[in-house]
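Dear colleague,

I am passing on the structure we talked about, and below it you will find my notes on its pockets and its ligand. Please read them alongside the coordinates.

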Amino acid sequence: MIITIDGPAAAGKGTVSAYLAEKYKLAYFDTGMVYRAVGLQMILSQNDVNDENKAEQIAMELSFPKMIELSKHKDFRSDIGGQAASIVSAHPKVRAALLKMQQNFALNPTFADGSPAKGVVYDGRDTGTVVCPEAELKIFITASTEVRAQRRYKEFIQKGMNTTYEKVLQDMISRDERDSSRATAPLKPADDAVIIDTSDLSINQVLQKIIPLIEARF
Ligand code: C5P
């Protein structure tokens with residue numbers, strides 16, 4: 001069973017994906033992590049994130065253990081990490097280098113402890129269009145830019161990060177713009193995706209829309 005949940009930042013993909021993975025005993029692959037790992041590694045090794053060849057080299061060397069190690073860094077989830085991820089993810093060579101790693105996961109999905117799972121929930125931008133076009137269920141989750149910026153701002157404040165709503169909103173606008181306009185795998189719903197706008201919905205209400213779709217298919 002393969003389910004893809006794509007959409008822009010802070011639309012609610014992560015919470016929904018993690019819940020569904022837990023409920024249906026599926027592995028969970030947050031594909032944003034691979035781009036965050038490459039972006040952060042570029043910063044830590046003092047490379048210019050616009051250097052496509054260097055970013056490709058780092059992408060080719062990326063492993064799951066390395067990604068987990070980088071995910072513990074304070075900037076992995078910060079707006080610095082998000083912007084770096086968005087810049088490196090626009091390089092076609094980086095996307096190509098990271099594609100197999102993401103696709104291979106579905107051939108042999110595992111939980112965090114290494115035990116085998118019978119399927120996977122992918123969370124990302126292009127998982128229904130490029131990574132796994134054969135997925136049985138594709139969801140595209142979206143919400144207005146302001147609502148998403150407000151959610152992300154609250155998240156950062158709860159984590160004790162020092163930022164303002166205006167800064168988060170500006171970062172969100174530039175990240176959306178870059179993710180949607182890049183030449184390779186731009187952010188867009190798959191033709192056969194179910195689109196859900198979560199602007200006025202709670203996570204519970206979103207799940208109430210998705211769960212019947214899963215139960216009808218599997
Ligand atoms: O989802 P998250 O905010 O962690 O993703 C960070 C960045 O990685 C996104 O802004 C996007 O540029 C990139 N990304 C991508 N394709 C994916 C997942 C994330 O290009 N499948």
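The lining of the second largest pocket in this predicted model consists, by class, of eleven nonpolar residues, one polar residue and one charged residue. That pocket has a volume of about 370 Å³, and among the 13 residues that line it, Tyr-28, Phe-64, Ile-68, Thr-110 and Ala-112 are the ones nearest its centre. Both β2 and α4 (64-70) contribute at least two residues each to this lining.

The largest pocket holds about 710 Å³ of space, and its lining comprises 37 residues, with Ala-9, Ala-10, Lys-13, Gly-14 and Arg-152 closest to the centre. By class, that lining divides into ten nonpolar, eleven polar and 16 charged residues. Elements that each supply at least two of the lining residues include α1 (13-23), β2 (27-30), α2 (32-44) and α10 (203-217).

Which space does the ligand take? The ligand occupies the largest pocket, where 15 residues surround it, and Arg-36, Arg-95, Asp-126, Arg-175 and Asp-179 come nearest. The shell around the ligand has two nonpolar, five polar and eight charged residues, and α2, α5 and α9 each provide at least two residues of that shell.

As for polar contacts, a side-chain N or O atom of Arg-175 lies 2.6 Å from an oxygen atom of the ligand, the corresponding distance for the side chain of Arg-95 is 2.7 Å, and a polar side-chain atom of Arg-182 is 3.0 Å from a ligand oxygen atom. Taken alone, the ligand exposes 460 Å², of which the protein buries 97%.

Best regards

Terms used: Residues are numbered from 1 along each chain as its sequence is written. This is a predicted model: local features need pLDDT of at least 70, side-chain atom pairs count only at pLDDT 80 or more; totals for chains, interfaces and linings use all residues. Side-chain values use heavy atoms; hydrogens and water are left out. On a 1 Å grid over the protein atoms alone, a cavity is a set of points where a 1.4 Å probe fits but cannot get out, and a pocket is an open set with protein on both sides within 12 Å along at least five of seven lines; lining residues have an atom within 4 Å of a point. Grid points are joined across faces, edges and corners, and a volume is the space filled by probe spheres set on the points. Helices (H or I, at least four residues) and strands (E, at least two) are DSSP runs, numbered from the N terminus. Ala, Val, Leu, Ile, Met, Phe, Trp, Tyr, Cys and Pro count as nonpolar, Asp, Glu, Lys and Arg as charged, and the others, Gly among them, as polar. A residue is near a molecule or strand if one of its heavy atoms lies within 4 Å of it. A polar contact is a pair of N or O atoms within 3.5 Å; within protein, one must be able to donate a hydrogen and the other to accept it, and residues adjacent in sequence count only if both atoms are side-chain atoms. Accessible areas come from the Shrake-Rupley method with a 1.4 Å probe; for residues, only the protein chains shown count as cover. A molecule sits in a cavity or pocket if more than half of its atoms lie within 2 Å of its grid points.
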